[in-house]
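Biologist: Got a minute to walk me through this one? I'd like to see it first.

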Amino acid sequence: MSRKLALLSGGFLLALGVSGTAALVFAPAHLLPGYSEEDAGSCKTLYQSEFRRGKEKRLIAVIASDDTAPSARLRTGMRIARHLTETINPDLVIVQVTDRHGPTARTQLRGPAIGAEIVHAPNPGKTVATSKPWEARYVDAEPTGGGLYFGLRVEMRLTELQALAKDLGPTEGCDGDVVDEDAKTVSTGKADAKSSGDESAKSSGH
């Protein structure tokens with residue numbers, strides 16, 4: 001994993017166990033299959049966390065999707081990233097896409113469990129993590145029966161991502177919701193310490 005991505009994700013990805021090494025290559029346009037709305041599946045939010053890095057408001061979300069084609073899960077991840085920026089207004093959003101049949105425990109959401117990762121900075125000037133509005137990487141393979149991804153990890157070019165972003169269509173959340181009812185949402189701000197504790201207590205039964 002590059003130093004830039006490590007800085008971008010920060011300690012939260014490490015806590016989620018999403019770190020690891022992977023070979024990244026830049027994707028020629030022909031490697032990304034054409035997308036059809038018929039290929040799009042539904043998605044469910046497994047985990048969502050809002051936190052601050054200095055003066056920046058950041059958000060990370062892990063979603064499970066029915067999408068099997070790399071192009072479909074990439075588009076789904078971008079759609080959710082844009083939806084989160086429009087509804088929560090963070091300076092940086094990271095969306096990781098897993099398979100519906102894959103692991104759901106936070107300690108297992110790493111390595112081959114992640115089929116695509118999308119980074120969106122609606123205003124790159126407000127974050128020190130990236131100078132680009134979009135970054136994305138995906139595994140160029142369909143998931144196994146157990147919901148894991150094994151294959152070449154491909155990094156998209158900014159021009160390709162910007163073209164896809166213009167054609168996203170409606171930016172509703174997973175299954176019409178911003179956060180699934182079972183998703184854990186926390187804040188690391190001191191002012192929200194009490195509310196975070198309350199949310200932890202509420203979610204402990206899940």
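Modeller: Here are some notes on its disulfide, a hairpin and two single residues.
Modeller: It's a predicted model, so to speak of local features we need pLDDT of at least 70, and side-chain atom pairs count only at pLDDT 80 or more, while totals for chains, interfaces and linings use all residues. Residues are numbered from 1 along each chain as its sequence is written, and side-chain values use heavy atoms, with hydrogens and water left out.

Biologist: How many disulfides does a search of the whole structure find?
Modeller: One, counting a pair of cysteine sulfur atoms within 2.5 Å. Cys43 is joined to Cys174, S to S 2.1 Å. Cys43 is in strand β2 and Cys174 in the loop between α3 and α4, 131 residues apart. Helices (H or I, at least four residues) and strands (E, at least two) are DSSP runs, numbered from the N terminus.

Biologist: Are Cys43 and Cys174 buried or exposed?
Modeller: Both are buried, meaning under 20% relative accessible area; exposed is over 50%, and partly exposed is in between (1.4 Å probe, protein chains only).

Biologist: And why is the disulfide called left-handed?
Modeller: Because the torsion about the S-S bond of Cys43 and Cys174 is about -110°.

Biologist: Switching topic: what does β2 form with β3?
Modeller: A hairpin, with two residues between the strands. They run antiparallel, joined by ten bridges; strands pair if DSSP finds at least two bridges between them. Gly54 in the turn has a positive phi of about 70°.

Biologist: Where is Asn89 found?
Modeller: In the loop between α2 and β4. Asn89 is exposed, with a relative accessible area of 54%, and its phi is near 60°, a positive value in a residue other than glycine.
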